[in-house]
Amino acid sequence: MLETRAASRPTRKSPGSQSALRHLNQQRIIDCLLSGPSTQAELARQTGLSTATVSNIVKFMQTAGLVSTEPTTSSGRRALNVKLISDGAIAVGIDFGRRHLRVVFSSLNYQVVAEKTIILPLGHHAEEGIAAAAGLITELLASKGLAPSALIGAGVGIPGPIDRRTGTVAQGAILPEWVGINIQERLEETLDLPVIVDNDANLGALAEVTWGPHNGLENLIFIKIGSGIGAGLIISGIPYYGNVGITGEIGHATVQEHGSVCRCGNRGCLETVASTTVMTNLLSRSGQPPETAEDIVGQGLEGSSAVLRVVDDAGMAVGQELGNIANLLNPEVIVVGGPLAGLGDLLLDPIRRGLLRHAVPVVGESTTLVMSSLGDRAEALGAAALAFQHVGIRAP
């Protein structure tokens, strides 16, 4: 089972603490209940926990809205049957983008209960985004007839690096207006929920090994190509955060020594040749200039020669950098996600050519390159998974 770390919190619970032990035991009970209702006596036998421990944990979970109980008989004796309440414990996944906000509700069995996406204005400030997220959560609760008490917490994706020492958005974010702000604290104050924050590409990687088809994979790279370009890393089965939490910033790897100046201050970064913003700028003189990533996808699928050329050039540049990363990390799978995922092989083929050209042959040939099956929902789904894991609930 995949484990994760609190990306925006500088400290972690001691593995031997009472709270950590309770979370571990609670997860063992949840693992059993995912197969169906059980009596407390059956849970004790299956988990190896004492009946008193099971009883205490079940009471805690019932108060938290995770389970329901009802009297029953077992082997002629009175017993208490325990059942997971799949819609009584909802994780919220929030994905903030440069121009969008997506909120999803996930049940315990990793099913999307509700979701909605809205457009945010360019250059929006953190307070605007947070207010919009709170509004969407209230709207989704009402649409599904759920009480706020059903929400166990929220995971949040930000398109930029998060400094784990301070929990703040670090320099280099696609949302410069958010830099220096502790989004976790602001959201917890607004939503009155436990909140955990991570970089959106990290959450895309987490989604692939929880919601996606790569469950249990030990070494995976998720690359998000959008207004910015970032990578999430799963190494030896866990998300990799490095020293201060700022990893996977491949959008700022130099691919053209004398290229354009990047927003980070360097020249020729990958983002200056392969981001969706650069693509739309390059296509501004074409016959039907695309204004959004969705336009690029639509025109690419229609066979626009200008779009296909720009996509091919961008894909080769991305593949070049992925070749360097593959040489360093030797992943099993590289997953490409973001708003251009709808292009499918039109984007994947040039990325593959770049990867094979720049990777050591045996590494390039043994690395599986695929498009994300989760589309542009990956980051929000990963955020919901992070919320569950933060309270000790793993993917089934």
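# Surface, cores and selected residues

Q: How much area does the chain expose, and what percentage of it comes from carbon and sulfur atoms?
A: The model is predicted, and for that reason local features need pLDDT of at least 70 and side-chain atom pairs count only at pLDDT 80 or more, while totals for chains, interfaces and linings use all residues. Residues are numbered from 1 along each chain as its sequence is written, and side-chain values use heavy atoms, with hydrogens and water left out. Accessible areas come from the Shrake-Rupley method with a 1.4 Å probe, and for residues only the protein chains shown count as cover. The chain exposes about 17,100 Å², and the part supplied by carbon and sulfur atoms is 49%.

Q: How many helices and strands does the chain have, and what is its radius of gyration?
A: Helices (H or I, at least four residues) and strands (E, at least two) are DSSP runs numbered from the N terminus, and the chain has 13 helices and 15 strands. The radius of gyration is taken over C-alpha atoms, and the globule rule is 2.2 Å times the number of residues to the power 0.38. That rule gives 21 Å for 396 residues, so the chain is as compact as a globular protein of that length, with a radius of gyration of 22 Å.

Q: What percentage of the residues in the chain is buried?
A: A residue is called buried under 20% relative accessible area, exposed over 50%, and partly exposed in between (1.4 Å probe, protein chains only). Of the 396 residues in the chain, the buried share is 55%.

Q: Which element supplies the largest share of the largest nonpolar core?
A: A nonpolar core is a set of buried Ala, Val, Leu, Ile, Met, Phe, Trp, Tyr and Cys residues joined through side-chain atoms within 4.5 Å. The largest one has 45 residues, and those with the most contacts inside it are I29, L43, L66, V67 and L220. Elements that each supply at least two of its residues include α1 (18–33), α3 (51–63), β11 (220–225) and α13 (378–390). The largest share, nine residues, comes from α13.

Q: Which residues does V67 touch, not counting those up to four places away in sequence?
A: V67 is among the residues with the most contacts inside the largest nonpolar core, where contact means heavy atoms within 4.5 Å. Not counting residues up to four places away in sequence, V67 touches L33, V58, M61, Q62, V82, K83, L84 and I85.

Q: How many residues does the second, separate core have?
A: This second core includes I221, I250, V318 and I351. It is separate from the largest one, and its number of residues is 38.

Q: Is N25 buried or exposed, and which residues does it touch beyond four places in sequence?
A: N25 is found in helix α1. Its relative accessibility is 8%, and therefore N25 counts as buried. Not counting residues up to four places away in sequence, N25 touches L49, T53 and I57.

Q: Which residues is D312 in contact with, leaving aside its neighbours within four places in sequence?
A: D312 has its place in helix α10 (residues 305–329), and at 26% relative accessibility it counts as partly exposed. The C-alpha atoms of D312 and L347, which are 35 residues apart along the chain, are separated by 6.7 Å. Leaving aside neighbours within four places in sequence, D312 is in contact with P350 and R353.

Q: What is the phi of D192?
A: D192 has its place in the loop between α5 (183–191) and β10 (195–199), and D192 is exposed because its relative accessible area is 69%. Most residues other than glycine have a negative phi. D192 is not a glycine, yet its phi is positive, at about 55°.

Q: Where is N330, and what is its phi?
A: The place of N330 is in the loop between α10 and β14. With a relative accessible area of 45%, N330 is partly exposed. Although N330 is not a glycine, it has a positive phi of about 50°.

Q: How far apart are the C-alpha atoms of Y241 and E128?
A: Y241 is found in the loop between β13 (238–239) and α7 (271–274), and at 1% relative accessibility Y241 counts as buried. Y241 and E128 are 113 residues apart along the chain, and their C-alpha atoms are separated by 28 Å.
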